[in-house]
Amino acid sequence: MKNLLLTIAYDGSHYHGWQIQENAVTVQAAFQSALFQVTGLREELKACSRTDTGVHAREFCVSLKTESAIPPQRLVAALNHWLPEDIVVKSCREAAEDFHARYSCKGKEYCYEIWNSPIRNPFLRGRALHYWYPIDEKLLDQGAKGFLGSHDFTSFCTLDRREKGDLVRAVTQAKVERRGELVVFTVAANGFLYNMVRIMAGTLLHIQQGKLAPQDIPKIIEARDRRAAGPTAPAWGLYLNRVFY
């Protein structure tokens with residue numbers, strides 16, 4: 001029995017998130033189908049996260065305890081042969097016996113991407129939020145700095161049955177930068193709550209619209225009230241960018 005760490009990437013446009021659901025196409029279902037074609041085994045996958053419908057991943061990690069004798073590098077090529085074009089295995093290596101893609105994770109980095117132009121970009125349809133009006137990225141960067149530190153992020157969480165107990169997270173990076181007509185919000189933390197990054201992004205856009213000021217972010221965090229923050233930005237601008245172990 002080997003414990004493998006597989007790093008994958010996917011375009012989430014046509015999937016109802018990572019996790020298997022009844023009557024829905026998911027990344028996990030496609031991945032497990034390809035794995036069965038290669039190994040003939042139905043083995044349980046442990047994922048680093050659960051991305052939602054329409055969310056993308058540039059780096060998504062999966063751990064797999066397998067009896068397959070296929071070497072890791074050969075497994076990469078074999079899986080990529082069977083996977084759909086919008087999912088790819090980037091690497092595979094043996095990990096320690098007690099490694100777990102989710103519980104061994106020390107943190108993650110997400111990006112939220114906004115196409116900031118009066119003219120839409122057909123090549124970014126489903127891959128970035130289209131925002132028509134000019135964005136002052138420096139103003140939004142000031143607001144993003146208010147997320148830094150260890151806080152109770154109740155105000156930036158959609159509460160459901162998955163979010164119980166401690167809602168404190170430590171944000172280690174938060175910035176907004178412009179790359180031509182693309183405005184990118186990047187945030188890293190030791191963990192994230194349900195819809196946390198999308199609510200952060202929606203709140204930053206409220207700053208752009210003059211409905212909030214950059215200095216309001218700490219007050220919104222202190223409120224511990226979802227109603228104090230901005231709207232939840234659409235899923236298709238969100239990317240899981242990096243996973244830290």
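V88 counts as partly exposed, with a relative accessibility of 35%. The model is predicted. V88 sits in strand β4, which spans residues 87-94. Set aside the neighbours within four places in sequence, and V88 is in contact with T7, I8, A9, N80 and L83. A77 is 11 residues away from V88 along the chain. The C-alpha atoms of this pair are 9.6 Å apart.

Now turn to S49. This residue lies in a loop. On one side of the loop is β2 (45-47), and on the other is β3 (56-66). Is S49 buried or exposed? S49 is buried, because its relative accessible area is 14% and buried means under 20%. Beyond its neighbours within four places in sequence, S49 is in contact with W18, F60, K108, Y110 and L240.

S49 also leads to the largest pocket. The volume of this pocket is about 850 Å³. Its lining comprises 34 residues. Which of them lie nearest the centre? They are C48, S49, R50, R102 and K108. K108 is thus named twice: it is in contact with S49, and it is among the residues nearest the pocket centre.

Three elements give two or more residues to the lining of the largest pocket: β2, β5 (107-116) and α4 (196-208). One of them, β2, borders the loop that holds S49.

What is the make-up of the lining by class? There are 15 nonpolar residues, 11 charged and 8 polar.

Conventions: Residues are numbered from 1 along each chain as its sequence is written. This is a predicted model: local features need pLDDT of at least 70, side-chain atom pairs count only at pLDDT 80 or more; totals for chains, interfaces and linings use all residues. Side-chain values use heavy atoms; hydrogens and water are left out. Helices (H or I, at least four residues) and strands (E, at least two) are DSSP runs, numbered from the N terminus. Buried means under 20% relative accessible area, exposed over 50%, partly exposed in between (1.4 Å probe, protein chains only). Contact means heavy atoms within 4.5 Å. On a 1 Å grid over the protein atoms alone, a cavity is a set of points where a 1.4 Å probe fits but cannot get out, and a pocket is an open set with protein on both sides within 12 Å along at least five of seven lines; lining residues have an atom within 4 Å of a point. Grid points are joined across faces, edges and corners, and a volume is the space filled by probe spheres set on the points. Ala, Val, Leu, Ile, Met, Phe, Trp, Tyr, Cys and Pro count as nonpolar, Asp, Glu, Lys and Arg as charged, and the others, Gly among them, as polar.
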